[in-house]
Amino acid sequence: MFQLQLLLSILTLSFAAQSYSSTSQFSILQSNHHPKSNLLSISVTEFGAAGDGVKYDTIPIQKAIDACSTIVSKHRCPCHVIFPPGKYLTATVFVKSGVVLDIHQKATILGGSKLEDYPKEQSRWYVVLAEDAVDVGIIGGGEINGQGLKFVERFDDKKNVMVSWNHTGACLGDECRPRLVGFISCRNIKVSDVRLIEPAYWCLHVVRSDKTSICDVTIYGNFNSPNNDGIDIEDSNNTVITRCNINTGDDAICPKSSNGPVYNLTATDSWIRTKSSAIKLGSASFYTFKNFLFDNITIVESHRGLALQIRDGGNVSDMIFSNINISTRYYHPSWWGRAEPIYVTTCPRDASSKAGSISNLLFVNITATSENGIFLSGSGGGVLSNLKFLNMNLTYKRWTKFPDGLVDYRPGCQELVKHQPAGFMMEHIDGLVVEDVVMKWSSDESMRWNNPLDFRPSTRQLLYGCLSCNGSLSEALFEMAKQGLQVKFKEYDILLNECITQRAIREGQRVHANMIKTHYQPPVYLRTRLIVFYIKCGLLGDARWVFDEMPQRNVVSWTALISGYSQKGHISQAIHLFLQMLTSGTAPNEFTFATVLTLCTSAIGFQFGRQIHCLLVKSPFESHVYVGSSLLDMYAKAGKVHEARYVFENLPERDVVSCTAIISGYAQQGLFEEALELFCKFQAERMSFNYVTYTSVLTALSGLAAVEQGRQLHAHIIRLELPFYAVLHNSLIDMYSKCGKFTYSRMIFNQMSERTVSSWNAMLVGYSKHGMGKEVVELFKMMREEDKIKPDEITLLAVLSGCSHGGMEDKGVEIFNDLSSGKDRVEVSIEHCGCVVDLLSRSGQVERAFQFIKEMPFEPTAAILGSLLGACWAHLYVDIGEIVARQLLEIEPENAGTYVILSNMYASAGRWEDARRVRELIKARAMVKESGKSWIGPDFIHDTEKHNGMRTYIPHQSLLNMDEQRKKKTLLHCSQGRAQTQLSLMIYSHGNYW
DNA sequence: CTAGGGTTAG
C-alpha cells in the first residue's frame, strides 16, 4: 500500500517537472539576462518601466506582459518578460498564458502599499496574479517583495500587544492585505529560483490549479506578522515542492481543501522555520487530502512540526513523512502550536462542524528535539486509523520559558485541556504500529515526564477492548445483550462513558435497561454515571428518577443533579435540592459550592448567597479558584464590587475564569475604566485570556466608546484565529455600533454564520442610538423576513426607540402592534409603553397617546406623563394637557416643571388668566427642588439583619478581614442564637465543618 | 464521576 503510494508520488514528481518543457517545443530560449532575441523575451523597460522603486510601474509591466502574450499566441512558444536590475513598484500585474516573469538577480518587484491601485475584488489582491492560464512561470533569481510591514499589524512579544495597524477603511483586518503571488485555475506552473520576501498576507498561493512545480524558492516573512503563510496549495493537484527554504511567521506549507480535494502533493529537500506549523493540513478544509509525500525536510525552531488539524470534515489518507528532522519550541501561546513535533487531530472546530477522518499515515526516519510530546487525538466521530511510526528518535527537553506548556491546544474540541505532557499522547486511535522508537528525556527535573505513553480512556478501550471491538457502541451493546448477567461494573462503566461522550440516548437507555433486566444492583458510582448520562442527554426527569431510587447517595450524585437543575434554569428546585442535601448530612465539596453559588446571581438569590458564603467560611473551600470565581461573581452581580474584589484579591491562585469574572464584574456594573485597568494589569502579568475575557473587555470598551482600543483588540482577536463564538461577535458588533462604526459592525454582522437575538439587538440598538430610524426599520424587516430568530423585549425596545428618534413614528406603532400580539408575541413592559406614548406624541397623535395610556396595563410613570404633557403643549391639546398635568402633580406634587409647562400651555392658548393663576401657585408654594437624602451604610450589614421575620447571619466586612481563629469564634458566637432559617441552622449547628 | 467567568436594554 505504502510502496504504491510512494511510487505514485515519484511519478507525479517527474511528470510535473517535465510538463513545462513538453509544451514548450518551440523554445529556443536565450540566456535570461542578455536576451539577444526580442521575439521571445521582452524587457519591461521597453514599455517605460522606471524601476526606481518610487514610481508605479504597474502599467508598463502589464503592457510588457500583454505584448508577450501576443507573441505567445502568434508564435505558439513561451515568452519571457525580463526585469533588468532595479526596483519595480507595482500593484497587481496579471500574468497570461505562456508568459514567464524572468526577474534578474538584482531586480525586485515591489508590492505597492496603496490598496486603491489593486483590483476592485479583494479576492484578486495579489502582487503577481495568473488566472485561467497555462504554462506560466516566475524564474530568474530575483525577488518579489510584498512590503508586508507596511500593511500588517505585528505582534509585539515583549509588550504582548499588536502594533502598527494599517487599513484603508474599505476593509477590515485580514482583508486589507494583498497576497504576494497567486495562481488561480492554472495549469503547468513553474516557480523556480526566486525569492519571495515579506508578504503582507499569504505568500505563494496556488488555487484550483494542476501540475505545479515550485523549486529553489526562498521565502522570507517577518516572524511576527500574522497570516504570512509560505506556500498554500488550495484545491490543487499534482504539486511538487523541492529545494525550498521557508522562514516565515505562519504556516510554511499549507495544503487547503476549501472547495475541492487536494491530491498528489510532494515536498522534498526543504528547510523550514516558522512560528506556526511547518507543514499544516486542514486549515478550513472540507474535502479529501490524498497521496502526499514529505521527504528530507528539516524543520527548525517551529511552534509545531507536522500538523494534521482536520477540524472541518474531509478525509485524509495515504501520507508519508520520511527523513524529517524537527525541532519545536514554545513561542507566545497566542500563536498556533504548542511545540509538538507531530500533531494529528480530528477534533471538530465547533459543535456544528463535521468530524473528518485520518487514515494510513506513515512516519519513518524521524528525528525530533522538542519541548512537548507527540499529540495524536481523534474524536468521537473521527477516529485516527492505521498510524505507523517507524524508526524515530525523539528527544524531549525544554529550553524556553513560555508558559502553558502543560496544556494542549484543541480549539473547539474541548477548549484547552490540561494534562501532563507525554512522549505520545493518544486518544481515539484505531490501529497503531510503533517500531524502533527511541524517546529520551533531558535531565531537567522541571519536565517530570514520567509517562512516555499516555493512552486516554477512549484509546484504551479501542486498544485493549473490554466488551467493545473497534470501539463501536452498537457492537458493544450486542455483546452486552449476549453476556446479559455476566456484565459487571467495568463493562457498564465503559459503556456508560461512551454513551455520555456520544450523547447516545437510545444506547444508554439500553444499558440502563440491561441493569434492570438482570437485577444488577449498580453501586453509587454507576448510578451517578446514569444521572450524568440522563442530564447530558437533557432528560432531567429520568436523572431524578435514578436519583430518587438510590439507596445511598454521595456528594457527587447530589452535585450532579443540582448542576442538572441549574443548567436547565430550574433555580428553586436546585436550591431546594441543596438544602435537602445539607439536611441529609452530606457535606458539600468544592464542586457543589461552585455550582450552588451560581444559583445566587439573581437578586432573589443574593441573601441565600451570603449564607452560602457563611457556610463556605467554615469549609476548606473558601479559597478554591472555581468556588472563588463563583463567589466573586455572585457579589459582583449583586452590585457589590468591593466585596467581589476582596474575594478575588484573596484567592491564592488566579486563572482565566476568575480574572474574567472580576473584569466582567466591573464592566457589568458600568465601571468600565476599572475593568480595563484590571485587564491591562493581567496582560502585563502575562495572564492568558480566552474569548470570554475579550467579550467582557469589549463591553467595557463599548461603554467608553473607545473605538481605537476596540479596533486594536479586534485585530488581536483576529490574530488568535479563535473558533466562532457568537457572543464574541455580538460584543464586537455592539462595540462598533455604539461608536457609530456601522461599516464594521454590519460587516461582522453580515458575515456571522449563525446569529443570536443579541446579534440583531446589538445592531438595532446601534442604529437606534444614532437616530437611524430607516436602518432600524429595514434591519427589523430583514429579521422578520428571515424568520429564524424570534425578537425579544430588547428588540422591540430598540426598534421603538429607534423609530421614535429616527422620524419613523408610524412604522414604530405598526411594529408595536405586530409584536404585542400574534405568534411571536413579546412581553410588553412599561418601557415599551413609554416608547409608544413617545411615538404617538411626536407624531401629534395626542388623543391616541392619551387613550393608549388609559388602556395600557401599567400605571403611567412621571416620565410618560411628562412626555405627553409636552406634546399637549406643542400641539395645543389644552383639555388633555390639564388632565395629564393633574395626574402628574399627583405623582410629583413638588415638580415645578409641570406647573411651568401648564402655564405656558395656557399662555399659548391665550388663556392668560389661567396662566397667571398657575404662576401664582408656583410662587405661593415656594417650590424649591428638595435635595436628595439617603442613608449610606456599610455594604456588609453588621451582625444580623431581619429577613422575612427570621434572623439570618450575614458575613460582614470585619469577618472577611479576620484571621481564622477569630472568624471561628465569631461564627460560634453567632451560632448561639438558634432561631435561624433552615439553612442557618445547618451552618451553625455543628462546631466544625462536618 | 460532579464545578466557575460571557453578548444586546434600562
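Q: Before we discuss α23, what counts as a helix here?
A: Helices are DSSP runs of H or I with at least four residues, numbered from the N terminus. The model discussed here is a predicted one.

Q: Then which residue just after α23 takes a positive phi?
A: That is G807, which has a phi of about 65 degrees.

Q: And what caps the N-terminal end of α23?
A: D792 does: one of its side-chain oxygens is 3.0 Å from the backbone nitrogen of I794.

Q: How far apart are the end C-alpha atoms of α23, and what span should its 13 residues give?
A: The end C-alpha atoms of α23, which covers residues 793–805, are 18 Å apart. At 1.5 Å a residue the helix should span 18 Å, so the two values agree.

Q: Which residues of α23 are buried?
A: The buried ones are T795, L796, A798, V799, L800, S801, G802, C803 and S804.

Q: What covers them?
A: The covering elements include α21 (757–769), α22 (773–786), α24 (809–819) and α25 (830–842).

Q: Changing topic to DNA strand B: how many residues surround it?
A: DNA strand B is surrounded by 48 residues, and the closest are S629, Y691, V727, N730 and N761. By type, the residues of this surface comprise 16 nonpolar, 24 polar and eight charged.

Q: Which helices supply that surface near DNA strand B?
A: At least two residues each come from α7, α9, α11, α13, α15, α17, α19 and α21. The largest share is that of α15, with seven residues.

Q: On the DNA side, what percentage of the atoms within 4 Å of the protein belong to sugar or phosphate?
A: Sugar or phosphate accounts for 45% of those atoms of DNA strand B, and bases account for the rest.

Q: Which side chains have polar atoms placed by a base nitrogen of DNA strand B?
A: N554 has a polar side-chain atom 3.2 Å from a base nitrogen of DNA strand B. For S758, an N or O atom of the side chain is also 3.2 Å from a base nitrogen.

Q: And what lies 3.2 Å from a phosphate oxygen of DNA strand B?
A: An N or O atom in the side chain of K769 does.

Q: Where is N589?
A: N589 lies in the loop that runs between α10 (571–583) and α11.

Q: Is N589 buried or exposed?
A: N589 has a relative accessible area of 16%. The cut-off for buried is under 20%, so N589 is buried.

Q: What is N589 in contact with, leaving aside neighbours within four places in sequence?
A: N589 is in contact with V555, T559 and F621. In addition, a polar atom of the N589 side chain lies 3.0 Å from the backbone nitrogen of F591. N589 and V627, 38 residues apart in sequence, have C-alpha atoms 9.7 Å apart in space.

Q: Now the strands: which strands pair with β8?
A: β8 (residues 126–131) pairs with β13 in the parallel sense over five bridges. β5 (residues 93–95) also pairs with β8 in the parallel sense, through three bridges.

Q: Which residues stand opposite each other there?
A: Between β8 and β13, Y126 has R179 as its bridge partner, and E131 stands opposite I184. Between β5 and β8, V95 is partnered by A130.

Q: What joins β13 to β15?
A: Four bridges do, and the two strands run parallel. G182 of β13 has H205 of β15 as its bridge partner.

Q: How many residues of β8 and of β13 are buried?
A: In β8, five of the six are buried, so the strand is largely enclosed by the rest of the structure. β13 (residues 179–184) is mostly covered, with five of its six residues buried.

Terms used: Residues numbered from 1 in each chain as written. Chains lettered and ligands numbered in written order. Predicted model: local features only at pLDDT ≥ 70, side-chain atom pairs only at ≥ 80, totals over all residues. Heavy atoms only, no water. Buried < 20%, exposed > 50% of the residue type's maximum accessible area, 1.4 Å probe, protein only. Pairing = 2+ DSSP bridges. Expected span 1.5 Å × (residues − 1). Contact = heavy atoms within 4.5 Å. Polar contact = N/O pair within 3.5 Å; in protein donor to acceptor, adjacent residues only side chain to side chain. Near = heavy atom within 4 Å. Nonpolar A, V, L, I, M, F, W, Y, C, P; charged D, E, K, R; others polar.
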